[in-house]
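Welcome, and please have your viewer ready for a short walk. At each stop you will hear what to select and what is there.

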Amino acid sequence: MLKKLNLTTMIIIALILGSIVGVMINEMAAPETAKVYADDINILTAIFLRLIKMIIAPLIISTLVVGIAKMGDAKTLGRIFSKTLTLFILAALISIALGLIIVNIFGPGHGINFVATGTEQVVQAQAFTFKSFILHAFPSSIFDAMAKNEVLQIVVFSIFLGVALASVGEPAAPIVRGLDALVHAMLKLTGYVMLFAPLTVFAAISGMIAERGLGILVSTGIFMGEFYFTLGLLWVILIGLSWMLVGPCIKRLVRGIGQPAVLAFTTSSSEAAFPGTLKALENFGVSPKIASFVLPIGYSFNLVGSMAYCSFATIFIAQACNIHLNLTEQITMLLILMLTSKGMAGVPRASLVVIAATLNQFHIPEAGLILLMGVDPFLDMGRSATNVMSNAMGAALVSRWEGEHFGEGCRGEPAEPNAIVLETVKPVEQNA
């Protein structure tokens, strides 16, 4: 606990120092010098994110396969998957609808009167269809999926492998034990990688502010403030619902994900927070079989911060271009985003790509994305932290739905002895 507190404190200190250094360089150095500094120090952030990406694939495969193998049967797997998907769909509806409601209330795009010249090519729009999403979910090669860190494809492969190992029984026991050992090794490796987090936070923040300055935050402060208000409201809603369903003990989980959320915020990467979130869930009391199953799926299906941004930003651009979308069109947009947002995992600048695809659907000038380009990196920080929170709450809710208990302050009674035994029974005994 002390180590976690120390690391969190170090990250916050690095955030403050990075902001100060970034402002000093931006104010005192020439723009060319500031850009060189940002480019050079960015190597520290790039190295850290590469280290995180290095451990994501083996960590997901080992934890997910072992978790599924310990479930012992397809019925349990199907039940947990259906509950996970139900919660994530509800969370997506809440986040997209909230983005639409808040942007309509505040109207941050009104009065901008943006005119597209027809020559701007900001982000290439990609047509996200149900067919392309389904095909993309299934890997043609697990090694290619691991090399590209295609989280959804890795999850699909791990589910098939976990079910197969559970069905095989005793002959597969050595593989399950080996993967279980790999889980512990990867968690230890994660601890080593996280030692570089404070330095990474300092580099990311100081480089961003040195190059862009705080002026951009002032000039676009209203838009950014209203979007962060939307994210704050989303935090209140999701944590409040979790409090109602799980109990006051959810406060322990909120404190536990503080460090991963800060890391995701400062690095603008939800992936960077994956190992820490997994550990926080298990410390809270979520069983490894559920945490290792729900969390990776959340990285493809539960990016609520990004979904809220897509709806908020799309209507903002429409307002800026003086294009009115009626209620029917906005409901249609909500349903389209429910589908297209599922293609965000693993796509560079994914939110902008999804927004570009949505703009095309409603004949809104894609050039309007120019309005977002300057502040998108700052908004991505909040989106990433929100994604971490939502995935953690989702895992806790599925765990509680499965009858697990998290100690004092939680609703319901502790799980029955039989439910506890289920986690420790070997696959061979389940299939005997």
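Start by selecting Phe 227, which is buried because its relative accessibility is 0%; buried means under 20% relative accessible area, exposed over 50% and partly exposed in between, with a 1.4 Å probe and protein chains only. A word on the ground rules: this is a predicted model, where local features need pLDDT of at least 70, side-chain atom pairs count only at pLDDT 80 or more, and totals for chains, interfaces and linings use all residues. Residues are numbered from 1 along each chain as its sequence is written, and side-chain values use heavy atoms, with hydrogens and water left out.

**Stop 1: the aromatic rings**

Keep Phe 227 on screen and add Tyr 309, which is likewise buried, at 0% relative accessibility. Their ring centres are 5.2 Å apart and the planes stand at 70°, so this pair is edge-to-face. Phe 227 belongs to helix 10 and Tyr 309 to helix 15, so to select both you reach across 82 residues of a chain whose distant parts are linked by this pair. Helices here are DSSP runs (H or I, at least four residues; strands are E, at least two), numbered from the N terminus.

What makes two rings a pair? The rings of Phe, Tyr and Trp (its six-membered ring) pair if their centres lie within 6.5 Å; planes under 30 degrees apart count as stacked, over 60 as edge-to-face and the rest as tilted. The whole structure has seven aromatic pairs by this search. Another of them is Phe 223 with Phe 312, a tilted pair at 5.6 Å centre to centre and 55° between the planes. Phe 223 sits in helix 10 (residues 221–246) and Phe 312 in helix 15 (residues 304–320), 89 residues apart, and the pair links these distant parts of the chain. Phe 223 is buried at 7% relative accessibility, and Phe 312 is buried at 0%.

Now select the whole group: Phe 223, Phe 227, Tyr 228, Tyr 309, Phe 312 and Phe 316 make up one aromatic cluster.

**Stop 2: a charge over a ring**

Which residue lies over the face of Tyr 309? Add Arg 383, found 4.1 Å from the ring centre; the rule asks for NZ of Lys or CZ of Arg within 6 Å of the ring centre and within 35 degrees of the ring normal. Arg 383 is buried, with 2% relative accessibility.

Select Asp 380 as well, since its side chain meets that of Arg 383 in a salt bridge (3.1 Å, N to O). The term covers a side-chain nitrogen of Lys or Arg within 4 Å of a carboxyl oxygen of Asp or Glu. Arg 383 and Asp 380 are three residues apart in helix 19, which puts about one helical turn between them. Asp 380 is partly exposed, at 22% relative accessible area.

**Stop 3: a salt-bridge network**

The structure holds four salt bridges. For two more of them, centre the view on Glu 402. Its side chain meets Arg 79 at 2.7 Å, N to O. Arg 79 is in helix 3 (residues 74–106) and Glu 402 in the loop between helix 19 (376–401) and helix 20 (417–424), so this bridge ties together parts that are 323 residues apart in sequence. Lys 83 also bridges to Glu 402, at 2.6 Å, N to O. Lys 83 lies in helix 3, so here the parts tied together are 319 residues apart in sequence.

Buried or exposed? Lys 83 and Glu 402 are both buried, whereas Arg 79 is partly exposed at 33% relative accessibility.

**Stop 4: along helix 1**

Select Ile 12, in helix 1 (residues 2–28), and then Ile 20 in helix 1. Ile 12 is partly exposed at 38% relative accessible area, and Ile 20 is partly exposed at 44%. With Ser 206 added, you can see that Ile 20 and Ser 206 are 7.5 Å apart, C-alpha to C-alpha, though 186 residues apart in sequence.

**Stop 5: two loop residues**

Finish with Asn 322, whose phi is positive, near 60°, in a residue other than glycine. Asn 322 sits in the loop between helix 15 and helix 16 (327–340) and is exposed at 53% relative accessible area. Then pick His 363, which is not a glycine but has a positive phi of about 55°. His 363 is in the loop between helix 17 (350–361) and helix 18 (370–373), and is exposed at 71% relative accessibility.
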